[in-house]
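Here are some short exercises to help you find your way around a new structure. Try each task yourself before you read the worked solution.

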Amino acid sequence: FGIAFKTGGRKRDLLVRHPKSPIKTSAAPKRPKSEVVAFHPSDEAKLLRHVVGNSEWEAVVLFAFDAGCRQAEILGLPVKDIDFEAGSVTIRQTCDTINGKPVLKMATKTDASVRTIRLSRRTLEALALVLSQKNAPTELVFTDDGKPFTRIKFYTRWVALLKAAGVPHYHFHSTRHTMATRLLRSGAYLTAVSRRMGHSKPSITLDIYSSAIPEDQAPLADAFDLTLAKYGVPQAIGSQIGSREQKHAA
């Protein structure tokens, strides 16, 4: 409600906010978007080559770059959620660190984060080697000598891995950014990438990774020519466009 009173011969209006009033004096400050830092292709290639044959890291790194899962989702992945026949993995639980201890949660970040992801043949092969050492379907795929990882322990080993591979420092979450940017730059459908990442709607993916989506329209025009050829639409008479016509068409 408004209150008007006189001060120095002038009338000044004040907006007084009642504790339960829906009136807002100002918009809530927006949290800045986290910076998207993806691996440089040469660094990604170097790390992928380095982990080949490494029983501790090969499956972790391939899975991270392929599926683009969050760290908590990877550390909380049980054996039973990998389906080799379908060639996929279902994400439905996480492993977080609370008060320095790993805690398994039968929940994901959001409802949309519960999802099934198709994996590459090479990633499945690496996972199969890891699972051959497991005895129960409820066991975690990636562990610290049979125990769930804490964030600090995993981070320490991750930093050591990058150093051994001769790769500059990247946060582990950069594997997720790398997957998303690589797929979008290659022309993958936004909706498919969004679903793969577990975002609740494609607009979130677009907001974060808009800079990775190609803007070149030449492939779009070429695609229509391919469509015409597929439909058997004949070329126009005198279809060889000369330099003058090209300039006019542009």
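One definition comes in handy later: angles under 35 degrees count as roughly parallel, over 145 as roughly antiparallel, 65 to 115 as roughly perpendicular, and the rest as oblique. Keep in mind that this is a predicted model.

**Exercise 1. Work out how α2 and α6 are oriented to each other.**

Step 1: Find the partners; α6 covers residues 174-185, and α2 runs over 58-67.
Step 2: See where they touch. On the α2 side there are A64, F65, D66 and A67, and they meet T175, T178, M179 and R182 in α6.
Step 3: Take the geometry. The axes of α2 and α6 are 7 Å apart, and the packing angle is about 45°.
Step 4: Compare with the cut-offs. An angle of about 45° falls in none of the named ranges, so it belongs to the rest. The two helices, α2 and α6, are therefore oblique to each other.

**Exercise 2. Track down the largest nonpolar core and the residues that touch the most other members.**

Step 1: Start with the core itself, which has 39 residues; L47, F63, V141, F142 and W158 touch the most other members.
Step 2: Ask which elements feed it. α1, α2, α3, β4, α4 and α5 each supply at least two residues, and α2 gives the most, with eight.
Step 3: Zoom in on F142. Leaving out residues up to four places away in sequence, F142 touches A59, V60, F63, I74, L75, L77, L127 and F149.
Step 4: Don't stop there, as a second, separate core has seven residues, including A180, V193, M197 and A212.

**Exercise 3. Look at the phi values of N99 and D145, and say where each residue sits.**

Step 1: Recall the usual picture: most residues other than glycine have a negative phi.
Step 2: Check N99, where phi is positive, near 55°. This residue is in the loop between β5 and β6.
Step 3: Check D145, which also has a positive phi near 55°. Its place is the loop between α4 and α5.
Step 4: Buried or exposed? N99 has 77% relative accessibility, so it counts as exposed. D145, at 69%, is exposed as well.

**Exercise 4. Decide where the model's pLDDT is low.**

Step 1: Get the overall figure: pLDDT averages 86, and 81% of the residues score at least 70.
Step 2: Find the weak stretch. Over residues 1-32, pLDDT stays under 50, and the model has 20 contacts there beyond four places in sequence.

Technical notes. Residues numbered from 1 in each chain as written. Predicted model: local features only at pLDDT ≥ 70, side-chain atom pairs only at ≥ 80, totals over all residues. Heavy atoms only, no water. Core = buried A, V, L, I, M, F, W, Y, C linked by side-chain atoms within 4.5 Å. Buried < 20%, exposed > 50% of the residue type's maximum accessible area, 1.4 Å probe, protein only. Helix = DSSP H or I, 4+ residues; strand = E, 2+ residues; numbered from the N terminus. Contact = heavy atoms within 4.5 Å. pLDDT = per-residue confidence, 0-100. Axes fitted to C-alpha atoms, helices over the stretch in contact; angles between N-to-C directions.
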